[in-house]
Amino acid sequence: MGSRLVAQEFKGKEWFWPRPSAAEYNAAESGGSNWGANNPKLRERVEETLKSRSEKSLIPADAITASGSGLDPHITLANAEGQLDRVVAAWATKTGSSPAQIRGAVEAILKQAAFEPLAGL
């Protein structure tokens with residue numbers, strides 16, 4: 001269990017995965033990579049992250065790029081919704097509950113937790 005202010009790596013299919021970390025989720029190493037779009041290291045990290053994603057639809061930028069600090073735990077609603085099928089399927093298998101029931105519960109939690117930072121600016 002970590003801080004709600006610092007992302008943690010989750011690999012299980014039943015969890016919403018945070019955005020990638022430029023600091024390997026280590027608060028002592030906080031700081032962006034400062035890699036530009038034409039830097040091969042950034043492209044390599046994005047390619048590795050894409051390989052780990054099972055979603056086949058359009059993947060939001062926050063699912064494959066690190067935040068400025070490299071530690072931001074927040075993901076966009078679009079990112080969470082893109083992971084929803086995987087999370088629901090995993091919890092349905094794990095609990096033996098109906099996928100529809102789990103989807104409804106998780107969607108309610110997402111709706112409750114979603115917010116627009118800076119009033120949508």
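## A walk through a three-helix model

Let's start with Tyr25, which sits in the segment before α1. This residue has a positive phi of about 60 degrees, even though it is not a glycine. To put that in context, most residues other than glycine have a negative phi. Keep in mind as you look around that this is a predicted model.

How confident is the predictor in the protein chain, going by the mean pLDDT? The mean is 84, with 89% of the residues reaching 70 or more. If you compare the elements, α3 has the highest mean pLDDT at 95, while helix α1 (residues 40-52) has the lowest at 82. A handy rule here: where pLDDT is low, the predicted coordinates should not be read in detail.

**The overall layout**

The protein chain has three helices and zero strands, so reading from the N terminus you get α-α-α. Out of 121 residues in the protein chain, 28% are buried.

Pro18 is another residue in the segment before α1. Is Pro18 buried or exposed? Its relative accessibility is 13%, and buried means under 20%, so Pro18 counts as buried. Pro18 also shows how a chain can fold back: its C-alpha is 8.2 Å in space from that of Asp72, although the two are 54 residues apart in sequence.

**Two helices with two sides**

Now take a look at α1. It has 13 residues and reaches 19 Å from its first C-alpha to its last, close to the 18 Å expected at 1.5 Å a residue. Which residues of α1 are buried? They are Leu42, Arg45, Val46 and Thr49. These four cover an arc of only 100 degrees around the axis, which puts them on the same side of α1. Over on the other side of α1, Glu48 and Lys51 are exposed.

The helix α3 can be read in the same manner. With 15 residues, α3 reaches 21 Å between its first and last C-alpha, close to the 21 Å expected at 1.5 Å a residue. Its buried residues include Ile102, Val106 and Leu110. They lie on the same side of α3 because they cover an arc of only 70 degrees around the axis. On the other side of α3 you'll find Ala100, Gln101, Lys111 and Gln112 exposed.

Why do such patterns come up in helices? An α-helix has 3.6 residues a turn, so residues three or four places apart point the same way.

**The pockets**

What about open space? The largest pocket holds about 980 Å³. It is lined by 27 residues, and the closest to its centre are Phe16, Pro73, His74, Ile75 and Ala113. The elements giving two or more residues to this lining are α2 (77-95) and α3 (99-113), and α3 gives the most, with four residues.

The second largest pocket has a volume of about 470 Å³. Among the 18 residues lining it, the closest to its centre are Glu9, Pro20, Ser21, Tyr25 and Thr49. Two of these names have come up already: Tyr25 has that positive phi, and Thr49 is one of the buried residues of α1.

Here is how the two linings break down by class.

| Pocket | Nonpolar | Polar | Charged |
|---|---|---|---|
| Largest pocket | 18 residues | five residues | four residues |
| Second largest pocket | eight residues | three residues | seven residues |

Note on methods:
Residues numbered from 1 in each chain as written. Predicted model: local features only at pLDDT ≥ 70, side-chain atom pairs only at ≥ 80, totals over all residues. Heavy atoms only, no water. 1 Å grid on protein atoms, 1.4 Å probe; cavity = no way out; pocket = protein on both sides within 12 Å on 5 of 7 lines; lining within 4 Å. Points joined across faces, edges and corners; volume = space filled by probe spheres on them. Nonpolar A, V, L, I, M, F, W, Y, C, P; charged D, E, K, R; others polar. pLDDT = per-residue confidence, 0-100. Expected span 1.5 Å × (residues − 1). Buried < 20%, exposed > 50% of the residue type's maximum accessible area, 1.4 Å probe, protein only. Arc of directions from axis to C-beta.
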